[in-house]
Amino acid sequence: MSEIDTPPVTKVRPKTERPKLHKVILINDDFTPREFVTAVLKAEFRVNADTANQIMMTAHRKGVCVVAVFTKDVAETKATRATDAGRNAGYPLLFTTEPEE
Ligand code: TYC
């Protein structure tokens with residue numbers, strides 16, 4: 001009996017570009033009260049009290065802490081809003097963003 005060779009099956013995998021995520025980074029300073037930092041983290045980044053405290057203390061001890069990652073637009077909007085909340089209260093609180101590798 002003759003066997004019929006079938007060609008190798010090649011799967012087409014369309015390349016879809018995933019948007020690069022951007023980190024929101026909290027920067028330590030000597031003036032903003034700890035409770036104010038945690039309040040901003042809870043309000044703007046929707047984290048609970050425990051997580052807010054951990055993020056704040058990491059920035060306090062190490063100088064910086066990654067808060068979360070978002071698409072570029074969302075990261076920049078949240079960083080600006082959180083920084084403005086500090087400025088409006090007279091504090092030098094600073095959130096920055098940078099693209100993930
Ligand atoms: N270092 C501040 C203090 O001792 C608290 C603080 C923590 C400020 C983290 C900013 O990103 C920050 N009052």
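1. Starting with the ligand: one of its oxygen atoms sits 2.8 Å from a polar backbone atom of I27. Next along, N28 brings a polar side-chain atom to 2.8 Å from a ligand nitrogen, and D29 has a backbone N or O atom 2.7 Å from a nitrogen atom of the ligand. On its own the ligand has 350 Å² of accessible area, and the protein covers 89% of that. Bear in mind that this is a predicted model.

2. Who else is around the ligand? The residues are L26, I27, N28, D29, T32, R34, V37, M56, A59 and H60. Two or more residues of this shell come from each of β1, α1 and α2 (49-62), with α2 giving the largest share, three residues.

3. Now helix α3, residues 72-88. Its 17 residues should span 24 Å at 1.5 Å a residue, and the C-alpha atoms at its ends are indeed 24 Å apart, so expectation and model agree.

4. Which residues of α3 are buried? They are A75, K78, A79, A82, T83 and G86. These cover an arc of only 125° around the axis, so they lie on the same side of α3. The spacing fits the usual rule: an α-helix has 3.6 residues a turn, so residues three or four places apart point the same way.

5. As for what covers those buried residues, the list includes β1 (21-27), α1 (34-45), β2 (64-71) and β3 (94-99). On the face of α3 turned away from the buried side you'll find D73, R87 and N88, which are exposed.

6. One last backbone detail: G90, just after α3, takes a positive phi of about 85°.

Key:
Residues are numbered from 1 along each chain as its sequence is written. This is a predicted model: local features need pLDDT of at least 70, side-chain atom pairs count only at pLDDT 80 or more; totals for chains, interfaces and linings use all residues. Side-chain values use heavy atoms; hydrogens and water are left out. Helices (H or I, at least four residues) and strands (E, at least two) are DSSP runs, numbered from the N terminus. The expected span of a helix is 1.5 Å times one less than its number of residues. Buried means under 20% relative accessible area, exposed over 50%, partly exposed in between (1.4 Å probe, protein chains only). The arc is that of the directions from the helix axis to the C-beta atoms. Contact means heavy atoms within 4.5 Å. A residue is near a molecule or strand if one of its heavy atoms lies within 4 Å of it. A polar contact is a pair of N or O atoms within 3.5 Å; within protein, one must be able to donate a hydrogen and the other to accept it, and residues adjacent in sequence count only if both atoms are side-chain atoms. Accessible areas come from the Shrake-Rupley method with a 1.4 Å probe; for residues, only the protein chains shown count as cover.
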